[in-house]
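User: Hi! I am new to this structure and would like to learn how to read its features. Could you walk me through it?

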Amino acid sequence: MKLRNYKPEDSQIICSWVKDEKTLFQWSADRIGKFPLNGNELNENYATRKIGLEFFPLTAIEENGNTIGHLFIRIPDINNKSVVRFGFVIVSPEIRGKGYGKAMLELAIGYAKKELNATKITLGVFENNPNARHCYESIGFIPISKKTINILNTDWPCTEMEMRL
């Protein structure tokens, strides 16, 4: 597996992995907000971002070129570029639970450290997504706080996590 820069044609593949509303909101919180997906939502969402300056969408591919995962890294505070945030972390449903998510995150941590000179990474995970939380904890993220986000007219508890590099 390797990470490469996100390409617009990745949107269709990645959006196809989101099969239901719960998965959509676990993956993107309230950032996309509509289901079903038409396949262009990532391109629409990323069109307003400063790609390459403070926003770095990445796609995980196998050696044969098949797309198997995706995430973005963003710099939330341009005045403190040493802290980055991971978001929209997802792997193909066919390979979940087999270590690919962990491997993709480890590559992204290396990217954040080497390419962006990050010293801390943050992310949020909903409590109704214990598999994702377990994955994050298995590579060294630790919980630091909790908050609640209203999703689908329901309060979803969210754990904020961080990793110091």
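User: How do the residues of the lining of the largest pocket divide into nonpolar, polar and charged?

Analyst: Happy to help! Please keep in mind that this is a predicted model. To read a pocket lining, sort its residues by type. Here the lining of the largest pocket has 21 nonpolar residues, twelve polar and ten charged.

User: How much space lies in the largest pocket?

Analyst: The largest pocket holds about 1,100 Å³ of space. Its lining has 43 residues, and those closest to the centre are Gln26, Val89, Asn129, Ala132 and Tyr136.

User: Which helices and strands each supply at least two residues of that lining?

Analyst: Among the helices are H2 (21–28), H4 (100–114) and H5 (130–138). Strands S3 (67–74), S4 (83–91), S5 (120–126), S6 and S7 also supply at least two residues each.

User: Let's turn to salt bridges. How many does the structure hold?

Analyst: There are ten salt bridges in the structure. To read one, look for a side-chain nitrogen of Lys or Arg within 4 Å of a carboxyl oxygen of Asp or Glu.

User: Which residue does arginine 31 meet in a salt bridge?

Analyst: Arginine 31 pairs with aspartate 30, with 2.6 Å from N to O. Next, check how much of each partner is accessible. Arginine 31 is exposed, at 52% relative accessible area, because exposed means over 50%. Aspartate 30, at 41%, is partly exposed.

User: And is glutamate 41, which forms a salt bridge with lysine 34, buried or exposed?

Analyst: Glutamate 41 is buried, with 3% relative accessibility, since buried means under 20%. Its partner lysine 34 is partly exposed at 37%. The closest N and O atoms of this pair are 3.9 Å apart.

User: Which strands hold glutamate 160 and lysine 147?

Analyst: First, the contact: these two form a salt bridge, and their closest N and O atoms are 3.4 Å apart. Glutamate 160 is in strand S7 (residues 154–164) and lysine 147 is in strand S6 (residues 142–151), so their salt bridge ties together parts that are 13 residues apart in sequence. As for accessibility, glutamate 160 is buried at 11%, while lysine 147 is partly exposed at 40%.

User: Which residues do salt bridges that share partners join into one network?

Analyst: To find a network, follow the partners that salt bridges share. Here they join Lys34, Glu41 and Glu44.

Definitions and conventions
Residues are numbered from 1 along each chain as its sequence is written. This is a predicted model: local features need pLDDT of at least 70, side-chain atom pairs count only at pLDDT 80 or more; totals for chains, interfaces and linings use all residues. Side-chain values use heavy atoms; hydrogens and water are left out. Buried means under 20% relative accessible area, exposed over 50%, partly exposed in between (1.4 Å probe, protein chains only). Helices (H or I, at least four residues) and strands (E, at least two) are DSSP runs, numbered from the N terminus. On a 1 Å grid over the protein atoms alone, a cavity is a set of points where a 1.4 Å probe fits but cannot get out, and a pocket is an open set with protein on both sides within 12 Å along at least five of seven lines; lining residues have an atom within 4 Å of a point. Grid points are joined across faces, edges and corners, and a volume is the space filled by probe spheres set on the points. Ala, Val, Leu, Ile, Met, Phe, Trp, Tyr, Cys and Pro count as nonpolar, Asp, Glu, Lys and Arg as charged, and the others, Gly among them, as polar.
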